[in-house]
Amino acid sequence: MNLITARQPLAYDAATLLGDAGFAHCLHAAAGELLATHARIPREVRYLADIKKWTLSQAAISLHFAHLHDPARPPLSPAVLQDMLRGTQVASRNTILSFLQEMRHYGLVAPLPDADRRRRSLRATPQAEAVFAIWFETHLRALDLFDRGNRAALLNRRPDLLGRAQPLMTARLLHDPAWTLPPQSVALFTRTASGSNILHHLASRAAWEMSGPWVTIGAVTAQSIASRYLISQSHTARLLARAAESGLLRWHGTGHSRRCEISHLLVTEYRHWQAVKFAALSAAFSTVAAGT
(Lines give C-alpha, C1' and ligand atoms only; values in the text may rest on other atoms or scores of the structure.)
Protein backbone atom coordinates (compact mmCIF):
# COMPACT_ATOMS: atom_id res chain seq x y z
CA MET A 1 0.00 0.00 0.00
CA ASN A 2 1.19 3.51 -0.77
CA LEU A 3 2.30 4.94 2.58
CA ILE A 4 2.74 8.56 1.50
CA THR A 5 0.99 11.04 3.79
CA ALA A 6 -0.77 13.40 1.42
CA ARG A 7 -0.97 16.90 2.91
CA GLN A 8 -1.62 18.26 -0.57
CA PRO A 9 -4.13 15.80 -2.09
CA LEU A 10 -2.39 13.78 -4.77
CA ALA A 11 -3.65 13.03 -8.27
CA TYR A 12 -3.31 9.60 -9.84
CA ASP A 13 -3.80 8.05 -13.24
CA ALA A 14 -5.72 4.80 -13.63
CA ALA A 15 -2.60 2.71 -14.30
CA THR A 16 -0.96 3.84 -11.05
CA LEU A 17 -4.04 2.94 -9.03
CA LEU A 18 -4.37 -0.47 -10.64
CA GLY A 19 -0.69 -1.20 -10.12
CA ASP A 20 -0.95 -0.86 -6.32
CA ALA A 21 -2.59 -3.57 -4.21
CA GLY A 22 -3.69 -0.78 -1.86
CA PHE A 23 -6.32 0.14 -4.45
CA ALA A 24 -8.23 -2.95 -3.28
CA HIS A 25 -8.94 -1.21 0.05
CA CYS A 26 -10.09 1.88 -1.84
CA LEU A 27 -12.51 -0.10 -4.01
CA HIS A 28 -13.83 -2.20 -1.15
CA ALA A 29 -14.48 0.81 1.07
CA ALA A 30 -16.22 2.78 -1.67
CA ALA A 31 -18.40 -0.18 -2.69
CA GLY A 32 -19.42 -0.82 0.91
CA GLU A 33 -20.39 2.79 1.55
CA LEU A 34 -22.21 3.17 -1.76
CA LEU A 35 -24.24 0.04 -1.11
CA ALA A 36 -25.04 1.16 2.44
CA THR A 37 -26.19 4.53 1.09
CA HIS A 38 -28.39 2.79 -1.47
CA ALA A 39 -30.05 0.77 1.29
CA ARG A 40 -30.58 3.94 3.37
CA ILE A 41 -31.94 6.29 0.69
CA PRO A 42 -32.82 4.08 -2.31
CA ARG A 43 -35.10 6.59 -4.04
CA GLU A 44 -32.52 9.36 -4.13
CA VAL A 45 -29.53 7.30 -5.21
CA ARG A 46 -31.41 5.51 -7.96
CA TYR A 47 -30.12 8.36 -10.13
CA LEU A 48 -26.59 7.05 -9.70
CA ALA A 49 -27.31 3.34 -10.12
CA ASP A 50 -26.89 2.94 -13.88
CA ILE A 51 -24.36 4.52 -16.21
CA LYS A 52 -26.82 6.69 -18.17
CA LYS A 53 -28.52 8.16 -15.11
CA TRP A 54 -25.17 8.53 -13.37
CA THR A 55 -23.80 10.52 -16.29
CA LEU A 56 -26.91 12.66 -16.69
CA SER A 57 -27.04 13.33 -12.94
CA GLN A 58 -23.39 14.27 -12.65
CA ALA A 59 -23.60 16.48 -15.72
CA ALA A 60 -26.73 18.21 -14.42
CA ILE A 61 -25.30 18.87 -10.96
CA SER A 62 -22.02 20.08 -12.48
CA LEU A 63 -23.91 22.77 -14.41
CA HIS A 64 -25.68 23.75 -11.20
CA PHE A 65 -22.41 24.01 -9.27
CA ALA A 66 -20.64 25.88 -12.08
CA HIS A 67 -23.42 28.49 -12.16
CA LEU A 68 -23.31 28.91 -8.38
CA HIS A 69 -19.55 29.43 -8.51
CA ASP A 70 -19.74 31.80 -11.48
CA PRO A 71 -23.18 33.36 -12.17
CA ALA A 72 -21.94 34.32 -15.64
CA ARG A 73 -22.06 30.62 -16.53
CA PRO A 74 -25.47 29.43 -17.81
CA PRO A 75 -27.66 27.64 -15.27
CA LEU A 76 -28.90 24.11 -15.69
CA SER A 77 -31.57 23.77 -18.37
CA PRO A 78 -32.51 21.13 -20.94
CA ALA A 79 -30.76 23.05 -23.72
CA VAL A 80 -27.57 23.67 -21.76
CA LEU A 81 -27.42 20.05 -20.61
CA GLN A 82 -27.92 18.90 -24.19
CA ASP A 83 -25.07 21.16 -25.35
CA MET A 84 -22.81 19.76 -22.64
CA LEU A 85 -23.54 16.17 -23.68
CA ARG A 86 -23.30 16.77 -27.42
CA GLY A 87 -20.88 14.30 -28.98
CA THR A 88 -20.86 11.94 -26.01
CA GLN A 89 -23.62 9.55 -27.17
CA VAL A 90 -24.99 9.61 -23.64
CA ALA A 91 -28.58 10.64 -24.27
CA SER A 92 -30.97 12.12 -26.81
CA ARG A 93 -32.84 15.39 -26.38
CA ASN A 94 -36.03 13.53 -25.42
CA THR A 95 -34.16 11.42 -22.87
CA ILE A 96 -32.69 14.57 -21.32
CA LEU A 97 -36.12 16.21 -21.08
CA SER A 98 -37.65 13.11 -19.54
CA PHE A 99 -34.79 12.77 -17.08
CA LEU A 100 -35.03 16.36 -15.85
CA GLN A 101 -38.80 16.04 -15.50
CA GLU A 102 -38.31 12.95 -13.37
CA MET A 103 -35.72 14.72 -11.21
CA ARG A 104 -38.13 17.60 -10.76
CA HIS A 105 -40.93 15.20 -9.82
CA TYR A 106 -38.76 13.72 -7.05
CA GLY A 107 -37.72 17.12 -5.75
CA LEU A 108 -34.10 16.96 -6.87
CA VAL A 109 -34.29 20.00 -9.14
CA ALA A 110 -36.61 23.02 -9.11
CA PRO A 111 -37.21 26.05 -11.32
CA LEU A 112 -34.63 28.76 -10.85
CA PRO A 113 -36.34 31.80 -9.25
CA ASP A 114 -36.74 34.84 -11.51
CA ALA A 115 -35.44 32.93 -14.54
CA ASP A 116 -36.72 33.25 -18.10
CA ARG A 117 -39.43 30.56 -18.26
CA ARG A 118 -38.75 29.92 -21.93
CA ARG A 119 -35.29 28.63 -21.08
CA ARG A 120 -36.67 26.38 -18.30
CA SER A 121 -33.66 27.09 -16.10
CA LEU A 122 -33.31 24.87 -13.03
CA ARG A 123 -31.36 24.60 -9.82
CA ALA A 124 -30.49 21.56 -7.77
CA THR A 125 -32.35 21.39 -4.47
CA PRO A 126 -30.56 21.06 -1.12
CA GLN A 127 -31.70 17.43 -1.11
CA ALA A 128 -29.86 16.78 -4.38
CA GLU A 129 -26.77 18.63 -3.21
CA ALA A 130 -26.71 16.44 -0.10
CA VAL A 131 -26.88 13.23 -2.16
CA PHE A 132 -23.96 14.28 -4.32
CA ALA A 133 -22.00 15.42 -1.28
CA ILE A 134 -22.40 11.94 0.20
CA TRP A 135 -21.25 10.33 -3.05
CA PHE A 136 -18.25 12.63 -3.39
CA GLU A 137 -17.11 12.33 0.21
CA THR A 138 -17.47 8.54 0.05
CA HIS A 139 -14.96 8.45 -2.79
CA LEU A 140 -12.61 10.91 -1.11
CA ARG A 141 -12.52 8.74 2.02
CA ALA A 142 -11.76 5.73 -0.16
CA LEU A 143 -8.85 7.56 -1.80
CA ASP A 144 -7.62 8.58 1.64
CA LEU A 145 -7.38 4.89 2.53
CA PHE A 146 -5.15 4.42 -0.50
CA ASP A 147 -2.54 7.04 0.42
CA ARG A 148 -3.46 8.08 3.97
CA GLY A 149 -4.58 11.41 2.62
CA ASN A 150 -6.69 14.16 4.12
CA ARG A 151 -9.18 14.82 1.32
CA ALA A 152 -12.34 14.07 3.31
CA ALA A 153 -11.16 16.19 6.23
CA LEU A 154 -10.36 19.04 3.85
CA LEU A 155 -13.80 18.80 2.27
CA ASN A 156 -15.41 18.91 5.72
CA ARG A 157 -13.49 22.09 6.45
CA ARG A 158 -14.19 23.55 3.01
CA PRO A 159 -17.59 22.28 1.73
CA ASP A 160 -17.33 24.74 -1.16
CA LEU A 161 -14.65 22.51 -2.71
CA LEU A 162 -17.38 20.08 -3.75
CA GLY A 163 -18.95 22.62 -6.11
CA ARG A 164 -15.57 23.36 -7.68
CA ALA A 165 -14.17 19.83 -7.95
CA GLN A 166 -17.26 17.98 -9.11
CA PRO A 167 -17.57 19.87 -12.44
CA LEU A 168 -13.88 19.23 -13.19
CA MET A 169 -14.31 15.51 -12.53
CA THR A 170 -17.45 15.35 -14.65
CA ALA A 171 -15.92 17.19 -17.61
CA ARG A 172 -13.03 14.73 -17.65
CA LEU A 173 -15.22 11.63 -17.42
CA LEU A 174 -17.77 12.81 -19.99
CA HIS A 175 -15.11 12.79 -22.67
CA ASP A 176 -13.44 9.54 -21.64
CA PRO A 177 -15.02 6.54 -23.40
CA ALA A 178 -13.23 4.27 -20.92
CA TRP A 179 -15.85 5.52 -18.46
CA THR A 180 -18.93 6.36 -20.52
CA LEU A 181 -18.61 3.26 -22.75
CA PRO A 182 -17.49 0.55 -20.33
CA PRO A 183 -16.52 -2.93 -21.55
CA GLN A 184 -19.38 -5.25 -22.41
CA SER A 185 -18.89 -7.30 -19.23
CA VAL A 186 -19.34 -4.17 -17.10
CA ALA A 187 -22.03 -2.68 -19.33
CA LEU A 188 -24.21 -5.76 -18.89
CA PHE A 189 -24.71 -4.56 -15.31
CA THR A 190 -24.38 -0.79 -15.57
CA ARG A 191 -26.97 -0.35 -18.32
CA THR A 192 -29.74 -1.71 -16.10
CA ALA A 193 -31.50 -0.21 -13.08
CA SER A 194 -29.48 -0.86 -9.91
CA GLY A 195 -27.06 -2.97 -11.93
CA SER A 196 -24.08 -0.94 -10.75
CA ASN A 197 -24.98 -1.79 -7.16
CA ILE A 198 -25.12 -5.49 -7.95
CA LEU A 199 -21.77 -5.27 -9.73
CA HIS A 200 -20.20 -3.47 -6.75
CA HIS A 201 -21.52 -6.23 -4.50
CA LEU A 202 -20.09 -9.03 -6.64
CA ALA A 203 -16.74 -7.61 -7.74
CA SER A 204 -15.75 -6.21 -4.36
CA ARG A 205 -15.84 -9.73 -2.91
CA ALA A 206 -13.07 -11.00 -5.19
CA ALA A 207 -9.56 -11.34 -3.79
CA TRP A 208 -7.12 -8.79 -5.21
CA GLU A 209 -4.71 -11.48 -6.43
CA MET A 210 -6.43 -13.79 -8.90
CA SER A 211 -4.50 -16.82 -10.11
CA GLY A 212 -7.03 -18.34 -12.47
CA PRO A 213 -9.95 -17.50 -14.77
CA TRP A 214 -12.48 -17.81 -11.93
CA VAL A 215 -12.61 -16.45 -8.37
CA THR A 216 -14.90 -17.83 -5.67
CA ILE A 217 -16.89 -15.08 -3.92
CA GLY A 218 -19.10 -17.20 -1.66
CA ALA A 219 -22.85 -17.54 -1.49
CA VAL A 220 -24.75 -15.32 -3.92
CA THR A 221 -28.51 -15.46 -4.49
CA ALA A 222 -30.96 -13.08 -6.09
CA GLN A 223 -33.04 -13.16 -2.90
CA SER A 224 -30.15 -12.12 -0.63
CA ILE A 225 -29.05 -9.29 -2.91
CA ALA A 226 -32.58 -8.01 -3.47
CA SER A 227 -33.47 -8.00 0.23
CA ARG A 228 -30.19 -6.41 1.26
CA TYR A 229 -30.33 -3.52 -1.21
CA LEU A 230 -34.11 -3.16 -1.67
CA ILE A 231 -33.99 -4.22 -5.33
CA SER A 232 -36.59 -6.24 -7.21
CA GLN A 233 -35.79 -9.95 -6.77
CA SER A 234 -37.04 -10.86 -10.25
CA HIS A 235 -34.92 -8.10 -11.81
CA THR A 236 -31.87 -9.26 -9.84
CA ALA A 237 -32.45 -12.88 -10.85
CA ARG A 238 -32.69 -11.95 -14.54
CA LEU A 239 -29.48 -9.93 -14.35
CA LEU A 240 -27.58 -12.74 -12.62
CA ALA A 241 -28.90 -15.20 -15.22
CA ARG A 242 -27.74 -12.99 -18.10
CA ALA A 243 -24.32 -12.70 -16.49
CA ALA A 244 -24.13 -16.47 -16.19
CA GLU A 245 -25.19 -16.92 -19.82
CA SER A 246 -22.42 -14.50 -20.82
CA GLY A 247 -19.80 -16.51 -18.95
CA LEU A 248 -19.26 -13.90 -16.24
CA LEU A 249 -20.72 -15.81 -13.28
CA ARG A 250 -21.20 -19.45 -12.42
CA TRP A 251 -22.26 -21.51 -9.42
CA HIS A 252 -21.02 -24.84 -8.07
CA GLY A 253 -22.22 -27.10 -5.28
CA THR A 254 -25.74 -27.58 -3.95
CA GLY A 255 -27.80 -26.40 -1.01
CA HIS A 256 -25.94 -24.55 1.71
CA SER A 257 -22.61 -25.35 0.07
CA ARG A 258 -23.57 -23.67 -3.20
CA ARG A 259 -20.96 -21.02 -4.08
CA CYS A 260 -20.66 -18.38 -6.78
CA GLU A 261 -17.61 -17.78 -8.94
CA ILE A 262 -16.96 -14.55 -10.82
CA SER A 263 -14.82 -14.39 -13.95
CA HIS A 264 -11.34 -12.90 -13.89
CA LEU A 265 -12.39 -10.84 -16.93
CA LEU A 266 -15.32 -9.14 -15.19
CA VAL A 267 -13.32 -8.31 -12.07
CA THR A 268 -10.39 -6.95 -14.08
CA GLU A 269 -12.56 -4.80 -16.33
CA TYR A 270 -14.60 -3.57 -13.36
CA ARG A 271 -11.43 -2.50 -11.55
CA HIS A 272 -10.12 -0.63 -14.58
CA TRP A 273 -13.47 1.10 -15.06
CA GLN A 274 -13.48 2.19 -11.42
CA ALA A 275 -9.83 3.31 -11.62
CA VAL A 276 -10.78 5.71 -14.43
CA LYS A 277 -13.36 7.30 -12.12
CA PHE A 278 -11.03 7.54 -9.14
CA ALA A 279 -8.27 9.01 -11.31
CA ALA A 280 -10.61 11.75 -12.55
CA LEU A 281 -11.82 12.48 -9.05
CA SER A 282 -8.31 12.59 -7.59
CA ALA A 283 -7.13 14.97 -10.31
CA ALA A 284 -10.13 17.29 -9.88
CA PHE A 285 -9.81 17.47 -6.11
CA SER A 286 -6.05 17.96 -6.27
CA THR A 287 -6.56 20.88 -8.64
CA VAL A 288 -9.06 22.75 -6.48
CA ALA A 289 -7.23 21.97 -3.24
CA ALA A 290 -4.05 23.49 -4.68
CA GLY A 291 -5.88 26.80 -4.92
CA THR A 292 -6.90 26.90 -1.25
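These notes go through one helix, one histidine and the aromatic pairs of a predicted model.

1. Helix α5 spans residues 78–85, and its buried residues are P78, V80, L81 and L85. Because these residues cover an arc of only 165° around the axis, they lie on the same side of α5. As general background, an α-helix has 3.6 residues a turn, so residues three or four places apart point the same way.

2. As for what this buried side meets, the buried residues of α5 pack against α4 (51–69), α6 (93–105) and α9 (160–174). Just after α5 comes G87, which takes a positive phi of about 90°.

3. H200 has its place in helix α12, which runs over residues 195–203. This histidine counts as buried because its relative accessibility is 7%, where the cut-off for buried is under 20%. When neighbours within four places in sequence are left aside, the residues in contact with H200 are A31, L34, L35, Y270 and Q274.

4. Across the whole structure, a search finds eight aromatic pairs. In the pair of F23 and F278, the ring centres are 5.8 Å apart and the planes stand at 90°, so the pair is edge-to-face. This pair links distant parts of the chain, since F23 belongs to helix α2 (residues 23–40) and F278 to helix α15 (residues 264–290), with the two positions 255 residues apart. Both F23 and F278 are buried.

5. Ring pairs also join W54, W135, F136, W179, W273 and F285 into a cluster, which a reader may wish to look at alongside the pair of F23 and F278.

Technical notes:
Residues are numbered from 1 along each chain as its sequence is written. This is a predicted model: local features need pLDDT of at least 70, side-chain atom pairs count only at pLDDT 80 or more; totals for chains, interfaces and linings use all residues. Side-chain values use heavy atoms; hydrogens and water are left out. Buried means under 20% relative accessible area, exposed over 50%, partly exposed in between (1.4 Å probe, protein chains only). Helices (H or I, at least four residues) and strands (E, at least two) are DSSP runs, numbered from the N terminus. The arc is that of the directions from the helix axis to the C-beta atoms. Contact means heavy atoms within 4.5 Å. Rings of Phe, Tyr and Trp (its six-membered ring) pair if their centres lie within 6.5 Å; planes under 30 degrees apart count as stacked, over 60 as edge-to-face and the rest as tilted.
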